[in-house]
Amino acid sequence: MRQRARSVEDKSRRAADLLDAAEALAVELGGVRYITLARVTERAGLHRTGVRRYYASKEELLLELAERGWGQWRDAVQDEVVDRDGLSPTRIAAVVSETLVALPVFCDLLTHVPLNLEGDVDIERARRYKTNAFAAHDEIVTALDRVSGMTAEQISGLLAVAITLAAGFWQVSHPTPTLAALYEEVPRWGHVALDFAPRLDRALAAYAIGLTGPARPEDAS
């Protein structure tokens, strides 16, 4: 069992260790819904009451993990396009999809944030999450706008759809044990649970093409 953190640096490192433990458990257990503070503190090597010095609740810890996910997504997109230019709408969609798929816990959290995490913390913690999430979103838009012919408005629309679809598709593709057993009995029902990445790729490519394709006559009226 680790000793109590004393310095600011130690406390920051301990808080990050708790986030790492939560992320690892989410991957191992099949989703953040299975995470408990007891499991997180045990994985991080802390006393079970120690987590309260860093996060007031499980919801606050998971919201912090989602906030970190926004930064990871922003960094991944920026790294992917840093030396590129002239990307087509479908290629932009692929960048968005591929970087999201590489962050499975973030995709999972995108469902839980609006359902309960934002509403179950105090207003200042919710404000900090919104501020940092929107800042990361805007940096992603800027990075993609720089390397494509899409407008910032179109990219923002693509991201909104990507976030919604990634959240929903991830949940469907990671069924609970009850649903997993049901899908074994009726494979046809479970087909959609097998193709999270390709389904997201196709949907975002189609949306990007629709956003940037020629306007229909009725759209101009």
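The structure, which is a predicted model, holds 14 salt bridges. Side chains of opposite charge can pair when their charged atoms come close. Among these pairs are Arg68 with Glu23, Arg125 with Glu64, and Arg91 with Glu98. The model also has pockets, and the largest pocket has a volume of about 330 Å³.

**Salt bridge between helices H3 and H1**

- Arg68 and Glu23 form a salt bridge in which the closest N and O atoms are 2.9 Å apart.
- This pair links distant parts of the chain, since Arg68 belongs to helix H3 (residues 58–81) while Glu23 belongs to helix H1 (residues 8–29), and the two residues are 45 residues apart.
- Arg68 has a relative accessible area of 23%, and because partly exposed covers the range between under 20% and over 50%, Arg68 counts as partly exposed.
- Glu23 is likewise partly exposed, with a relative accessible area of 24%.

**Salt bridge between helices H6 and H3**

- The side chains of Arg125 and Glu64 meet in a salt bridge, with a distance of 2.6 Å from N to O.
- Here too the pair links distant parts of the chain, with Arg125 in helix H6 and Glu64 in helix H3, 61 residues apart.
- Both Arg125 and Glu64 are buried, a term that stands for a relative accessible area under 20%.

**Salt bridge of Arg91 and a shared network**

- Arg91 forms a salt bridge with Glu98, and the closest N and O atoms of this pair are 3.2 Å apart.
- Arg91 is partly exposed, with a relative accessible area of 26%, and Glu98, at 39% relative accessibility, also counts as partly exposed.
- Apart from single pairs, there is a network in which salt bridges that share partners join Glu64, Glu67, Arg125 and Arg128.

**The largest pocket**

- The largest pocket, with its volume of about 330 Å³, is lined by 16 residues, of which Trp70, Tyr129, Lys130, Phe134 and Ile163 are the closest to its centre.
- Helix H5 (104–117), helix H6 (123–146) and helix H7 (152–173) each supply at least two residues of the lining of this pocket.
- Helix H7 gives the most to the lining of the largest pocket, with six residues.
- Sorted by class, the lining of the largest pocket has 11 nonpolar residues, three polar residues and two charged residues.

Conventions
Residues numbered from 1 in each chain as written. Predicted model: local features only at pLDDT ≥ 70, side-chain atom pairs only at ≥ 80, totals over all residues. Heavy atoms only, no water. 1 Å grid on protein atoms, 1.4 Å probe; cavity = no way out; pocket = protein on both sides within 12 Å on 5 of 7 lines; lining within 4 Å. Points joined across faces, edges and corners; volume = space filled by probe spheres on them. Helix = DSSP H or I, 4+ residues; strand = E, 2+ residues; numbered from the N terminus. Nonpolar A, V, L, I, M, F, W, Y, C, P; charged D, E, K, R; others polar. Salt bridge = Lys/Arg side-chain N within 4 Å of Asp/Glu carboxyl O. Buried < 20%, exposed > 50% of the residue type's maximum accessible area, 1.4 Å probe, protein only.
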